[in-house]
Amino acid sequence: MEWLEKNLHYMENESELDYNKLSDFVKTWVAEEEKYFIDTAKDGSVILGMHGEEKDIMLNSTYKPMQEAEKFAKKIQLTDNSVIAFMGLGNGIIVKQVADQLNEEALLLIYEPSKELFAFVMHHFDLSEILSDNRIKIFVNGINEQYFDLVLTYNIDNVNVGVTILESHPKYKELFSEEFADFSNLFKDCRTSALVNLKTVMEGQKRMMRNAIANIANLVRSKMTADFIGAFPEDMPAILVSGGPSLDKNYEVLKQAKGKAMIIAVDRTAQYLLDRDIVPDMFCSLDYTKSITLFQDERLKQIPFLYISDLNKEVLEVLGKKNLIFGTTSSKFYNWLIGEYGKKGIDLPIGGSVATLGYSFAKMTGFKRLIMVGQDLALTGGANYAGGMVSGVAGLDEYGTMEVPGNVEDTVITRGDYYVYLKWFEQAVKEANESGMEVINATEGGARIDGTKIMTLQEAVDQYCLNPYDIEAIFQGIEPLATEENIPDVKALLEEKRKDLPKLKKKAKDAAEIARRCGVLSERGDYGKEFKEKNKVLSQTTALFDESPTASLLSGFAEGLLVNEDVDLYVTKDDNQDEMIRLYQKMEKNYQYIHENADEVISLYDAMLESLDGNEAGE
């Protein structure tokens, strides 16, 4: 019993994965029988045992448990960024040794098949180092195991997909053989699903880059997010209007806030509000596949619109160029061009949903109070969106559903992708509170977002939306990156950069052949003069592609193709020679893809240059 209070202290500091349920179970647990026991090993270590039907079973070595745990952990083939699904917490000795082999970016997912054993260990062993380690997540059968597949799937990416590992506490395969079989199947299913999802995303890379290249023409006529920092009065609140089903309850209240708060709508919600005679002050979108059917209303062209570099280019073609606000990008080319005109690019945190983009804009530009409405993150009444819309429900099969604490109700049903956004908001709100920004959840339904102040929208409007502001004048007072008079100069600058593309295409072809040759020499163990000379050229080419803004267009277009063809090229080898060969093979493929796709990039770039002519700001 001596360790329980300390362990609970660390567990109760963890807000994710229903650790509160784990904590509640441990607090109220009473052993029905003495199934588990503690003992002392020959070296004086405290160890864990289990009474079997015929004999006692020890879950640690009875001689040198720490030394045996170290030996076991070193046998697991761990690399940087590994994601390990591990069955069996035991008394924590082995788990701790496995964690000691990992770097800071790795993730160790512990599945404990027995909640009674988990409770016993929480009472009798010091788990504080494990419970306080952000890299370790614990899932206990019968309490919070439903989160395992969600966490595993969402933490696999193109870097670690080849190093996801299934392992077990050595005694658990014997004690919980059926559970281990189920766990193994679950792991395989999760990994397969993650690979499918990853490849879907990577296959979209080309479309994202097609959008990003075309949208360079929109960037030059856009206002920059950085220019809005400090532009809004400190006492003016922002209202972020998302399209959750609960919005149907209180959208009318927004009319009272018009002109007294900046109303930011997500893409589909902008039309919803216009249909109810509410004009948002700005709206936003970020999806590279976003349907243009959401943007057909002519009134939308008059509303400031926040977007990111790879938004579906057709959306901007529909909306025109009059009221664009550029949000964020990871493109070196974009940041170079913004810098050329004395502006600053912003790394605007986005959590994958359009609501997170709107939230980040309000936070970045300096709002001290943000009111959220329609941010359900739950399937209220079986619908996804306000107006009774049920869209994307096919995702239920992909992500699954779960219960989470409600904003108004005790619990609500959400699905896996919404849960990810929920956790993003909780972390963002925590950071906002620390920086002096108050976040009010006036959703009046849906999932509870920890850290927010819960009020009705009417209460929030009555209390905070008191003073009138000329919001339109604030937007009009910010200049775009380039004026219409400067467009010819912009085009000349971009045409100069266009000359680099054919040269970079040739460089990529040469680099692929050099990498292939270095791989051959490595296989032979020939690291003489030719090897050194070729590596020097290869290093120069790599530096060029790392530093050149124009080269980033080519690299970005080819990104993701490699993982689609051969995931194994991402898996680090233990043998130094094998690892060197792998790196050259990966480099060869990468430059090969850049060369093969260069002509399309050049064609897209030329189309972008052509679109600059006659592309008037009011279109």
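This is a short talk on two helix contacts and the cavities of one structure.

Good morning. One reminder before we start: this is a predicted model. I have two topics, helix packing and internal space.

Helices first. Take helix α1, residues 4–12, and helix α5, residues 115–124. They pack at an angle of about 110 degrees. Their axes lie 6 Å apart. Angles of 65 to 115 degrees count as roughly perpendicular. So α1 is roughly perpendicular to α5.

Which residues meet there? From α1 we have L4, N7, L8 and M11. From α5 we have F118, V121, M122 and H123. Sort the contact by class and you get 6 nonpolar and 2 polar residues. Charged residues are absent from this contact.

Now the other pair. Helix α3 covers residues 65–75, and helix α4 covers residues 93–100. Here the angle is about 45 degrees, and the axes are 8 Å apart. That angle makes α3 oblique to α4. What is the hand of the crossing, left or right? The crossing of α3 and α4 is right-handed.

Look at who makes this contact. On the α3 side, find P65, M66, A69, E70, F72 and A73. On the α4 side, find I93, I94, Q97 and V98. By class, that contact has 8 nonpolar residues, 1 polar and 1 charged. Try picking them out on the model.

Next, internal space. How many cavities of 30 Å³ or more turn up in a search of the whole structure? The search finds 2.

Start with the largest cavity. It holds about 40 Å³ of space. Its lining comes from two parts of the numbering. One group is L300, K301, I303 and F305. The other group is L319, G320, K322, N323 and L324. In the lining of this largest cavity, 5 residues are nonpolar, 2 are polar and 2 are charged.

Then the second largest cavity. About 30 Å³ of space lies in it. Which residues line this one? Begin with M224, T225 and A226. Add F326 and G327. Then comes I338, and finally K344, G345 and I346. This lining divides into 5 nonpolar residues, 3 polar and 1 charged.

Let me recap. The α1 and α5 pair is roughly perpendicular. The α3 and α4 pair is oblique, with a right-handed crossing. And the search of the whole structure gives 2 cavities of 30 Å³ or more. Thank you.

Key. Residues numbered from 1 in each chain as written. Predicted model: local features only at pLDDT ≥ 70, side-chain atom pairs only at ≥ 80, totals over all residues. Heavy atoms only, no water. Axes fitted to C-alpha atoms, helices over the stretch in contact; angles between N-to-C directions. Helix = DSSP H or I, 4+ residues; strand = E, 2+ residues; numbered from the N terminus. Parallel < 35°, antiparallel > 145°, perpendicular 65-115°, else oblique. Left-handed = near helix turned anticlockwise from the far one by under 90°. Contact = heavy atoms within 4.5 Å. Nonpolar A, V, L, I, M, F, W, Y, C, P; charged D, E, K, R; others polar. 1 Å grid on protein atoms, 1.4 Å probe; cavity = no way out; pocket = protein on both sides within 12 Å on 5 of 7 lines; lining within 4 Å. Points joined across faces, edges and corners; volume = space filled by probe spheres on them.
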